[in-house]
Amino acid sequence: MTNPSRHARWRKRLSALMAQYHVPGAAMGILRVATGRPDEIIEVASGVLSRATRVAATPDSLFHIGSITKAWTASLVMRLVDQGKVDLDTPVRRYLPDLALSDPDATNAVTLRQLLAHTSGIDGDHWADFGRGDDAVEKYVASLEKVPISHAPGSLFSYSNAGYVLAGRVVEVMSGMSWDEALRTSLCRPLGLTDTVTDPRNTTANLATGHQCGPAGAPVASAAISRAIGPAGIISSTVRDLLRFAGLHLTGGLALDGTRVLSEHSVDVMRSVQVRLPDDREFPDAWGLGWALSRVDDVEVAGHDGNISDQAAFLRIVPEAGLAIAILTNVADASELGHALIRDVLADELGVRLPPRPAPAAGGQIDELSPDWLGRYERTARTLTVSSSAAGLVLIEQRSQADTERYPITPTGLDSFLAWNDASRTWMPGSFTVVAGRRFLHFALRATPESER
């Protein structure tokens with residue numbers, strides 16, 4: 001059921017925010033489920049799929065959901081748990097006898113729970129393409145033998161795409177099918193999802209084109225996402241299908257037609273806190289299994305964001321209220337639009353107020369950052385340097401010789417700071433910690449170890 005006036009109001013709000021933040025096209029949806037009354041689904045869209053073609057975006061348009069895919073991969077793992085085929089705390093090597101990571105101790109110790117909670121220690125941003133065949137994920141996992149292990153499994157949170165590909169490989173081996181086919185068989189079919197794909201080139205649906213940021217951001221001819229990293233971020237979907245997936249986690253594991261897909265226990269475990277993040281100044285402040293977690297006004301909010309191929313997506317669920325929010329956009333950075341819509345829906349639907357986004361304290365900052373944290377931090381494809389000059393503190397992130405970001409830093413304590421991202425016009429929290437005698441910089445959800453001195 002859909003209330004026409006609410007439908008029109010949310011479309012108007014979406015359009016206004018798109019104009020404010022220069023988003024070419026977007027779709028959003030709100031799902032309310034509750035026992036004893038029909039479900040309510042609101043689906044709206046605005047703008048264009050591409051500034052070049054001017055084709056209108058609709059609720060049926062297909063967008064990349066990026067890393068929201070990880071919640072689907074975690075759900076596939078929990079299906080195997082329900083079937084008694086895997087255990088979250090058994091070393092992964094039991095299911096993958098040929099597994100070889102760069103550290104033998106990690107190879108023998110890492111578990112599915114650690115992979116899904118991003119505490120595996122596997123350097124997460126290892127991007128590799130092994131073609132479009134059914135063996136792409138298998139080949140990717142074999143290549144992890146050369147990827148650094150930054151910390152002992154279970155000792156620290158650090159967002160890891162590679163860890164999710166490894167979890168996806170366990171799904172393949174224990175289900176006897178490719179990750180893509182397991183997705184279709186175990187989730188898409190029982191949930192009634194007709195527009196969720198892992199290769200949008202094989203569909204005739206209206207596809208969103210990614211765009212650069214800005215008032216006149218040009219369309220980006222993005223290459224097909226590597227199938228090898230599929231379990232970490234390859235899915236494309238519509239707001240309707242994304243809401244149906246979210247409904248699985250609002251109903252204790254049921255499809256919207258009542259079909260049981262996951263056990264209630266598995267749904268609860270996925271939303272249970274596995275690790276607290278070192279910084280709680282912005283969503284999330286903890287991680288479950290596939291879900292980022294926070295408490296807002298003492299209400300549990302779970303979700304995931306996705307950003308890949310110059311498109312950004314957002315999913316939030318509030319289980320105790322039976323509420324889900326899905327937002328899909330075709331621009332590289334839509335964080336301000338996503339935050340504003342999530343804020344408005346939570347306030348309007350539940351009376352829940354999101355805290356303000358991080359910003360330096362009013363009246364000037366008097367905190368100082370300990371000079372012990374100055375230095376160089378390195379992980380795969382990233383070098384982060386924290387330095388001081390007459391102009392102040394700065395964090396420089398270098399991805400390649402030609403790809404460098406510079407973030408002015410405002411200290412918020414001896415071991416924490418806010419970094420100004422000029423592109424998105426937002427403050428990004430960061431902090432430092434020491435694990436097993438080694439310094440780490442925690443920034444953009446990644447824990448980057450200090451270079452050897």
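Helix α1 and helix α11 meet through a set of named side chains in this predicted model. From α1 come R6, R9, W10, R13, L14, L17, M18 and Y21. From α11 come E336, L337, A340, L341, R343, D344, V345, D348 and E349. Sorted by class, this contact holds 9 nonpolar residues and 8 charged ones, with no polar residues.

Now look at how the two helices lie. Helix α1 covers residues 4-21, and helix α11 covers residues 335-350. Their axes come within 10 Å and cross at roughly 150°. Angles over 145 degrees count as roughly antiparallel. Therefore α1 and α11 are roughly antiparallel to each other. The crossing of α1 past α11 is right-handed.

Helix α11 also leads to a sheet. It lies across β1, β9 and β10. Strand β9 takes in residues 311-318, and β10 takes in 323-329. Relative to β10, α11 runs at about 155°.

The sheet itself is open and has 8 strands. Follow it across in this order: β2-β1-β10-β9-β8-β7-β6-β5. The pairing is antiparallel. At the edges stand β2 and β5, the latter at 275-276. Each has a single partner strand, so one side of each is left without a neighbour in the sheet.

Start at the β2 edge. Strand β2 covers residues 40-47. Is β2 mostly covered or mostly uncovered? It is mostly covered, with 6 of its 8 residues buried. Its partner β1 spans residues 25-32, and 8 bridges join the two antiparallel strands. Within this pair, G29 stands opposite E43 of β2.

Move along to β6 and β7. Strand β6 is residues 286-287, while β7 is residues 292-296. They run antiparallel, joined by 2 bridges. One bridge pairs A286 with L293 in β7.

Two other helices are worth a stop. Helix α9, residues 239-248, is mostly covered. Of its 10 residues, 8 are buried. These are V239, D241, L242, L243, F245, A246, G247 and L248.

Helix α7 spans residues 179-191 and contains R189. Is R189 buried or exposed? Residues over 50% relative accessible area count as exposed. The value for R189 is 56%, so R189 is exposed. Leaving aside residues up to four places away in sequence, R189 touches E181 and R184. A302 is 113 residues from R189 in sequence. In space, their C-alpha atoms are 24 Å apart.

Further along the chain come β15, β16 and β17. Strand β15 covers residues 416-421, and β16 covers residues 426-435. The two run antiparallel, with 6 bridges between them. F417 has G430 of β16 as its bridge partner. Together β15 and β16 form a hairpin, with 4 residues between the strands. In its turn, R425 has a positive phi of about 60°.

Strand β16 then pairs with β17, residues 438-443. Again the strands are antiparallel, and 6 bridges join them. V434 is bridged to R439 in β17. Which residue takes a positive phi in the hairpin of β16 and β17? That residue is A436, with phi near 50°. This hairpin has 2 residues between its strands.

Notes. Residues are numbered from 1 along each chain as its sequence is written. This is a predicted model: local features need pLDDT of at least 70, side-chain atom pairs count only at pLDDT 80 or more; totals for chains, interfaces and linings use all residues. Side-chain values use heavy atoms; hydrogens and water are left out. Axes are lines fitted to C-alpha atoms, for helices over the stretch in contact, and angles run from 0 to 180 degrees between N-to-C directions. Angles under 35 degrees count as roughly parallel, over 145 as roughly antiparallel, 65 to 115 as roughly perpendicular and the rest as oblique. A crossing is left-handed if the near helix is turned anticlockwise from the far one by less than a right angle, and right-handed if clockwise. Contact means heavy atoms within 4.5 Å. Ala, Val, Leu, Ile, Met, Phe, Trp, Tyr, Cys and Pro count as nonpolar, Asp, Glu, Lys and Arg as charged, and the others, Gly among them, as polar. Buried means under 20% relative accessible area, exposed over 50%, partly exposed in between (1.4 Å probe, protein chains only). Two strands pair if DSSP finds at least two bridges between them.
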